[in-house]
Amino acid sequence: MTEIPKAYEPQSVEDKWYDFWVKQGCFTADPVRVTEKRPAYSIVIPPPNVTGMLHMGHVLNNTIQDILSRKARMDGKEVLWLPGTDHAGIATEGMVAKQLRKEEKKSKQDIGREEFIKRVWTWKEKHGGIIIAQLKKLGCSCDWTRERFTMDPDYVRNVQRVFVDLYKKGLIYRGKRMVNWCPATQTALSDEEVEMKPQKGFMYHFKVEVAESMGSATVPVADSGVAPESSSIHLKPEERASGATPDAAGGTPALPGPDGKIWLTIATTRPETIPGDTAVAVNPKDPRYAHLIGKHIVRPLPIQLPREQKLIPIIGDEHVDFEFGTGVLKVTPAHDKADFDIGTRHKLPIVDIMNPNGTMNELAGESLAGLDRFEARKVAVERLKEIGALVEENPYENNVGFSQRADVPIEPRLSEQWFLKYPSVEVSKACVEQEERRAPALREGETETRGAGAPRSAKMRFHPDRWAKVYDHWLTNIQDWCISRQLWWGHRIPVWRKSIQHGDWKQLGTSKWATALAMTLHELVEIKATEGYTTEFVNLSGQCETTLRYWFKNGTWLFEAATVSDVESKEWEKLGFTQDPDVLDTWFSSWLWPFATMGWTGDKAHDSNTPTLRAFYPTTDLVTGPDIIFFWVARMIMAGYEFMGEMPFRNVYFTGIIRDKQGRKMSKTLGNSPDPLELIAKYGADAIRFGTMRSAPLGQDVLFDEKDVELGRNFCNKLWNACRFRQMQGSAGASPANEGAPPAQSEVEGEINPTLLTSDDHWILLRLDTGIREVSDALASYNFSTAVQTLYRFFWSEYCDWYVEASKAALPVERHPDMSAYPQHTGSRFSPEALKLRNNKLAVMDFVLGHTLRLFHPFLPFITEELWHGMGFSKELPENQGGQTIMVAPWPKPLSDEEKNYFGLDDTADKVAAAKYELVSLGRNLRRELKLDPAKKLKFILKPAGTLPAAEIEVLKLLLNAEVVEVVAKSWIADKGTPSASNALGELFLPTAGLIDFAAERIRLTKEVEKCRAEKEKVEQKLANPAFTEKVPAKVLEEHRQRLADWQAKEKQAQTSLDDLPV
RNA sequence: GCGCGGUUAGCUCAGUGGUAGAGCAUUUGCUUCACACGCAAGGGGUCGCAGGUUCAAACCCUGCACCGCGCACCA
C-alpha cells in the first residue's frame, strides 16, 4: 500500500475482491473437508423470488447470513451457504401474462399452456438472475456453484416424489371443499395467503315472508302468479319494520301481522348472494323463531323466479347467535364457509351463483348475471328496495379476507382441490424449544449447540424464542393445506385420471402395456367391484412404479394414477389418462429446500451416501422473517422430519421487519423503499451492511434511515484512515498480525516487547480483549446490533480517540524514523531507546489492527480484505490462515492467561491510562468552562498522586494541547484561585494569571459545589438509613462509602477554590 | 375476544435490583501535519400511569392507558 487515498473509495475495491474470492473458490463448500476438527456449518438461503429485486429486507436478511457464514469460516468451519431462487408461481405467471397482454395483446389461453411456459422460461433466463447479481454486490459469500432453482429438473423431480409419497400415505387427497378463491388470479389459495382487513361497508336488513304464515298449509303455497313483492310493494320499509318484524331484542315469538303474514328480517353484508341462499337458519333455542323451524320463507331474489322456486326452508342450527343481527341467518352454502358447514349438516342444496372471475352467473338472476360481485351488490340492494324488502341499511365495518398477492377480497368458493394433511406434526411441534420449558443449564451452552457436529440439545431454537409460541399455536390449530393452484407456471400435479365404465376395459387400448395393465386392473376391480367409494391403493409393482387409486360409483370407475416416472406417465396418457391441469403451491416446493437442494433423492440408501447431505444436513442456522413462519419455516420443519427423519435446522433467527423512519412498512406505492443498489453505489456495500446491522436490534423491527448508511460509510472511512495513519508511520518490523505471538518470539523485530509497554498499551490491550469477548458473545447470541455497537465503541472511542491520540506522543510525525534525516530533533524522542519504544508502539498498533480487521471482517468484508492486504497482514501467514484472504484468518480469541501474563496485564493494568484520560477530560473541561482560547497552548501544572514517568507527562501534554505540563512536588501550593481538577492520578492546575475570567470561574465553581453537594446528600441519605447499612451487601456498602468520600473531597476542593477567588 | 411486542434524551434505541447510557440531531469552538465522512467540550431524561415487593425499582409483581403486530371472528 504505497499511496493511500485520503478517503475510502469502496467502488474501486468491492468488485476486485468479490471476483478474487469467487475465483479462488473461497465460497465453495467441500463436504470432503468436513472432519471432527473442521465441523460443518450450513445455511440455506430463503430463496428470493426469481422475479424479485433486492430490497432492504433482503439486505438485512442476507447480511446476517453472510456475517454468520463468514464468522463460521474464521472459526475454521467448513461452510456451506446454499443460494438459489424460487419460481414464485403467481407472481411470475402474472408478470409474464401482463407482458404478453401488453406486447402482443394476447391472453395466456390464446397461446396455450406449452407456449406460455416457454415464455416464462425465456423471461426467467433473461431477468431471473438480477437478484442473484444484486446479492453478490452486497458481498454475500454464497456457494454459487450450488445455486438452485425450484424449477430445476432435479428439484421438480423431488417435488413430484414428495407428492407421490404423501399421496401414497393417504395424506394428499382431492376433494370438493370450500376454498379461498382469488377472483383476480383465478386460483385457490391456502388459508395463510388470506389476510383479514377491516372494510367499511353496510349491513343490510331485508325482510322475507314466511310462506306458511297464513297458518293453513305446512306445504309450500303454490301461488306462483302472485309474487310477494306484488302484494307488499305498497308498504314503505319503515312501516314494515315497525309492523310484524320481530324486534331482535324482544324475545316474543314472531307472529302474523295485520296482513296475516309473518315476516322475518335478515341481516347481511352480502345481499348479492341472496339468490344462492338455500335456507334460513335460526337458533332452535330462540323463542322468537323456534316455532318457525320447518316452515319456509320466500327468498326475494332473483325476482323473476316463480314463487314456488323461491321457497327455502327455515332450519334450526346452534351456530346461529341470537344476539347478532336479527338472529335470523341466511344460509348460502356455496359462498360462505360457515354456511357450507351448516349446509352439510342439513343436507342443503348448493347453488353456486358466481363465475370464477367474481362475476355473477345466470343462477343469480337476470338483473345480476354478468355483473361483478360488487356491482351486483348495489343492484341487489336496488332490487330489494324496489320490492320493498329492504328494511335498513347501516354503515358497518367488518373484516374481509383479502388475497395477499392480488389485494382483492377473496371469495369462498366450492371447488375441487388437492389438500394435504400435514405430516410429522407432533414431532415438529415437540422439537422447538419453548422458553419456559428450557432448563437454565441449557441456556448457558448456547454457543456449543451451534455449528458443532453433535448438538448438545436435541431441540431446535428460535431467536428470539417468543416466536416458538406463535409456531406452537399455529401447529395446534392446523388445518389441511390446499396445495393446488389453477396456474400453469409451477410443478404440475403428477396425477393422471380416467374414468371407465365397469367392464369396458377395451377403452384402454390394445398395446402390450395396456393389456398387461388391463389384466391387472380387471382382476383387482372384479374383486372390489362393489358400490360406493373405496380408497384402496394398488401398487403395480413388477410392472410399474405408479400408485393407482380408484373409486367405484354407479357402475363407473375413476382411476387416479400418481407417478414420478416420465415413461409411465406417457403410458398412462396412451391409455387415455389425462394429467391433472393444476400446479402445486410454490410453498409446496420451497418446504423441501433444505434437503432438496443438497442432492436428496428420497432413496434412503442413496441419500445416506450423498456427501453434501451427510455433511451439511441438518443445517445450522436459518435466517428469515417472522412473516413466513407458517408459510415456510413450520412446513420445512415438517418436511424435514417426514423425509429426512431429522430437523432441517438447529436455529432459526427471525429478523425484524424493515420500516421507514416513520415506522411504516416499506412499500412500492408509498415510495419509501430505498433501492439498496443505489445506496451501495453511493456509500459502499460495507456501509449499508454496517448501518443496517447497527440499527437492527434482536427481535425488533428496524426503522431504516439513510443516515444509518451514512454512519456506516463514515465508519469505514474512519477505519481506513486509522490504517492509513499507521501505514504512514512506516514498518515496525516483521508481520505482527500473528495470533497470540508465543513469548519465545518476543525478541523478533516487530513483535511486542512486554517490557517496553506503556500504560496506554496495557489499556488498549485490555480494551481489545474485552472487545473480542463482547463481540464473540454478541454473535453467539445473534445480537448483531450489539456486536456492531461494541466494535464501534472499541474502535472509534477507545482505539482512535484515546489510544492513537496518546500514541502520537511517542511517534514522530515524519515518515522515516531515520534520526540522521532530522538533525533538528536531537531530543530523547530520537534516542535509540525512544526508537525502540516507538517500534514497540507500532507493534502494538499492528497487533490491535490485525485483530480489529478480523473482528470486522464478517460485517465489513470488502474494506477489511483491502486493508488486510494493504497493511501487509496477509504476508508471512500460511495460505489457509489469512495469507490468501482475511476470510479464513482465524477469528480473534480473547487473550489467554498466558498472554496476559506475558504482556503484564492484570486486572488493574488499565487503571493508570484510564485515570490519565479522565484527567485529560477534566483539564479540557477546565479550559472550556473558563472560556479560554481553545487554540492557545496553555501551561498546566500537575501534582501527581504517585510517581509518573516522563512519557506519561508527554501524553498528558499532547492530549491537553498544553504548551507544557509542569510536574510539581507534593509540597507545592497553588496560588489562591488557581482553577484545578483532580482524580486518582493527581491534581491538575490551570494557572491563568491574567487570563482568567473570575466571573466565569465563580459560576463554574458554584455549579461544581452544588453538584457535589447534591450527590453527596443522596449517598448520605442512603447511608443514614440503618435498614440500608444493616441489610446491604458489604461490597455495595463499601462502594457507597467510597462514593461519599469522593464527593466530599470534591466538594471541599471546589469550595476552597471558590473561597479563594478574589472578590 | 385471545396472544405477543413496545412505551427511557428532540429522534432511533441500549440498559436483568445498587451513581440513567450510546448514536443521530442540537449548541459552542477548532483548516491540531490519519480522518470536516473529522476533533474537542456542552446542553438535554420526575425511565407511560397507579399500586405493590425491597434497605434499594427503569429493571421484579399486579392493574391500567396508549402504540404496533399476530391469531380468531357474527351473518
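These questions and answers cover the surface near RNA strand B and one helix pair in a predicted model.

Local features need pLDDT of at least 70, side-chain atom pairs count only at pLDDT 80 or more, and totals for chains, interfaces and linings use all residues. Residues are numbered from 1 along each chain as its sequence is written, chains are lettered from A and ligands numbered from 1 in the order in which they are written, and side-chain values use heavy atoms, with hydrogens and water left out.

Trainee: How many residues surround RNA strand B?
Mentor: A residue is near the strand if one of its heavy atoms lies within 4 Å of it. The closest are Asp-321, Phe-324, Asn-721, Trp-796 and Lys-1031. The full count is 55.

Trainee: Which helix gives the largest share of the surface near RNA strand B?
Mentor: Helices (H or I, at least four residues) and strands (E, at least two) are DSSP runs, numbered from the N terminus. Elements that each supply at least two residues include strand 13 (390–403) and helix 27 (784–807). The largest share, eleven residues, comes from helix 25.

Trainee: Which side chain has an N or O atom 2.7 Å from a base nitrogen of RNA strand B?
Mentor: Set the backbone cases aside. A polar backbone atom of Phe-324 is 2.8 Å from a base nitrogen, and a backbone N or O atom of Ala-722 lies 3.4 Å from one. The side chain is that of Asn-399.

Trainee: At what angle do helix 23 and helix 25 pack?
Mentor: Helix 23 covers residues 676–683 and helix 25 residues 706–728. Their axes, lines fitted to C-alpha atoms over the stretch in contact, are 10 Å apart. The angle, on a scale from 0 to 180 degrees between N-to-C directions, is about 35°.

Key:
A polar contact is a pair of N or O atoms within 3.5 Å; within protein, one must be able to donate a hydrogen and the other to accept it, and residues adjacent in sequence count only if both atoms are side-chain atoms.
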